[in-house]
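Here's an informal walk through one protein model, written for someone who likes to check things against the coordinates. Have the viewer open as you read.

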Amino acid sequence: MATGAQQKENTLLHLFAGGCGGTVGAIFTCPLEVIKTRLQSSRLALRTVYYPQVHLGTISGAGMMRPTSVTPGLIQVLKSILEKEGPKSLFRGLGPNLVGVAPSRAVYFACYSKAKEQFNGIFVPNSNTVHVFSAGSAAFVTNTLMNPIWMVKTRMQLERKVRGCKQMNTLQCARHVYQTEGIRGFYRGLTASYAGISETIICFAIYESLKKCLKEAPIVSSTDGAKKSSSGFFGLMAAAAVSKGCASCIAYPHEVIRTRLREEGTKYKSFVQTARLVFREEGYLAFYRGLFAQLIRQIPNTAIVLSTYEFIVYLLGERA
C-alpha cells in the first residue's frame, strides 16, 4: 500500500512527465491546431470555382460556365492565413493552450493512474474493462475542469486579424467571453467534449493492448539493455500513434460539433441540434472537415506525450 508521501510523489511524476511532453507537442503542432479549427468552423470561406458545361447541338460547341463552391483544403487555408494575417496568426491560442496543457495532463494521468488502482480491485486487473473505465473517468474529470481554457483557445483561433485592429490576448478574450456570455459561456461545447470521451476510451484501450503486446513479444534480446530500451521507447511511440490515429478517425465528428458550439454569436445551441443542422445544411462530409490536419497534429503530439510520460516514469523506477 502506497503511503501519502509516495502518492504525492507519483502525482508530481505524472505532472512532470505529461506536462513536458504536452508542452513540447503543443508548441510544435500549434499551427496545425489553428488550421484544423478554421476548417471545422462554419465561417470557412468557400471558394467559387467555374466548371465548363458543354451544351451539345450548338454550332460553335461553346459551353456555359457553371459555378460551384469548393471547400478549401489545408494548404489553401494555410496560404490564406499567411497572406492575410501573417505567420503570428498560426500561433493564435498558444497561450491558453500552454496554460492548459500541463495541468490537464497532470489531472488526466493522475486520475487515470488512480482509477486503474480502483478498477483493478473491481474487475480483472489490467483488463480492457479496467482501461476503458479508467480512461473514461479521467477524461470526464479533465474535460470538466479544463473546458474554460479550451473555450478561450478556440475563440482566439477563430478570431481573424483585421488590418489596423489589434487582436485580443488571452485575458482580453476571457474577459470578453465573460462580459458577453457570462460564466456559462466558458462551458460552451462541454457536451461535445463529453461525447469526445469515446475517443479517449478507444485510444487508451488500443494503446494498452499494444503496450501489452510489446512487453510480451520483445523485439530485442533482453541481454542488450540499451537497445531494448531504445526499441521499447520507439515501440511505445508507434503504439501511441496507431491508437490515436484509429480513435481520431472514429470519433472525429464531435470535434467539429464542439468547434461550432464555441463560435461567437453562433446559431448552434446543443449537441444534437448542431449535429442535425450541420448534416442538413452541409452534408455528412462536413463532420470530417479538418480531419487530415487533426491527424498530422494529434498523432505525433500523442506519440510525444505518451512516450515521454512512459519514458520518464521508467527512468524514475515506477511502472505505470
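In this predicted model, the buried residues of helix α9 are H254, E255, V256, I257, R258, T259, R260, L261 and R262. That makes nine of the 10 residues in α9, which spans 253-262, so the helix is described as mostly covered given that buried means under 20% relative accessible area. Helix α9 also turns up later on, as one of the elements that give two or more residues to the lining of the largest cavity.

Zooming out, the protein has 11 helices and two strands. Reading from the N terminus, the order is α-β-β-α-α-α-α-α-α-α-α-α-α. Of its 320 residues, 43% count as buried. The accessible surface comes to about 17000 Å², and carbon and sulfur atoms own 64% of that. What share of the contacts between residues at least 6 apart in sequence joins residues at least 24 apart? The figure is 74%.

**Rings**

The structure holds 10 aromatic pairs. A pair of aromatic rings is described by the distance of the centres and the angle of the planes. Two of the pairs are set out here.

| Pair | Centre to centre | Angle between planes | Type |
|---|---|---|---|
| Y108 and F109 | 5.7 Å | 85 degrees | edge-to-face |
| Y112 and F204 | 4.8 Å | 55 degrees | tilted |

The Y112 and F204 pair does some long-range work along the chain: Y112 sits in helix α3 (residues 94-120) and F204 in helix α7 (residues 197-216), so the pair ties together parts that are 92 residues apart in sequence.

Are these rings buried or exposed? Y108 is buried, at a relative accessible area of 8%, and F109 is buried too, at 2%. Y112 counts as buried at 5% relative accessibility, and F204 does so at 9%. Ring pairs also bring in Y207, linking Y108, F109, Y112, F204 and Y207 into a cluster.

**Nonpolar cores**

In soluble globular proteins, nonpolar side chains tend to be buried together. Here, the largest nonpolar core has 20 residues, and the ones with the most contacts inside it are Y108, F109, Y112, F204, Y207 and L306. At least two residues of this core come from each of α1 (4-40), α3, α4 (128-158), α7, α8 (225-251) and α11 (291-315). Which of these elements gives the most? That is α11, with six residues.

Y207 is a handy spot to look around from. Leaving out residues up to four places away in sequence, Y207 touches L236, A239, A240, S243, L306 and E310. Another core lies apart from the largest one: this other core has 11 residues, including L32, V34, I35 and I81.

**The cavity**

Rolling a probe the size of a water molecule over the atoms shows where empty space is left. How many cavities of 30 Å³ or more does a search of the whole structure find? The search finds one. The largest cavity holds about 880 Å³ of space, and 38 residues line it, with R105, N143, W150, K244 and Q298 the closest to its centre. The elements that give two or more residues to this lining are α1, α3, α4, α7, α9 and α11. Helix α4 supplies the largest share of the lining, with seven residues.

**Two loop residues**

K267 is in the loop between α9 and α10 (271-282). With a relative accessible area of 44%, K267 is partly exposed. Setting aside neighbours within four places in sequence, K267 is in contact with Q273, L277 and E281. For L277, which is 10 residues away along the chain, the C-alpha atoms of the two residues are separated by 9.4 Å.

N126 belongs to the loop between α3 and α4. N126 is not a glycine, although its phi is positive, at about 60 degrees. Why does N126 count as partly exposed? Its relative accessible area is 44%, and partly exposed runs between the 20% limit for buried and the 50% limit for exposed.

Definitions and conventions
Residues are numbered from 1 along each chain as its sequence is written. This is a predicted model: local features need pLDDT of at least 70, side-chain atom pairs count only at pLDDT 80 or more; totals for chains, interfaces and linings use all residues. Side-chain values use heavy atoms; hydrogens and water are left out. Helices (H or I, at least four residues) and strands (E, at least two) are DSSP runs, numbered from the N terminus. Buried means under 20% relative accessible area, exposed over 50%, partly exposed in between (1.4 Å probe, protein chains only). Contact means heavy atoms within 4.5 Å. Accessible areas come from the Shrake-Rupley method with a 1.4 Å probe; for residues, only the protein chains shown count as cover. Rings of Phe, Tyr and Trp (its six-membered ring) pair if their centres lie within 6.5 Å; planes under 30 degrees apart count as stacked, over 60 as edge-to-face and the rest as tilted. A nonpolar core is a set of buried Ala, Val, Leu, Ile, Met, Phe, Trp, Tyr and Cys residues joined through side-chain atoms within 4.5 Å. On a 1 Å grid over the protein atoms alone, a cavity is a set of points where a 1.4 Å probe fits but cannot get out, and a pocket is an open set with protein on both sides within 12 Å along at least five of seven lines; lining residues have an atom within 4 Å of a point. Grid points are joined across faces, edges and corners, and a volume is the space filled by probe spheres set on the points.
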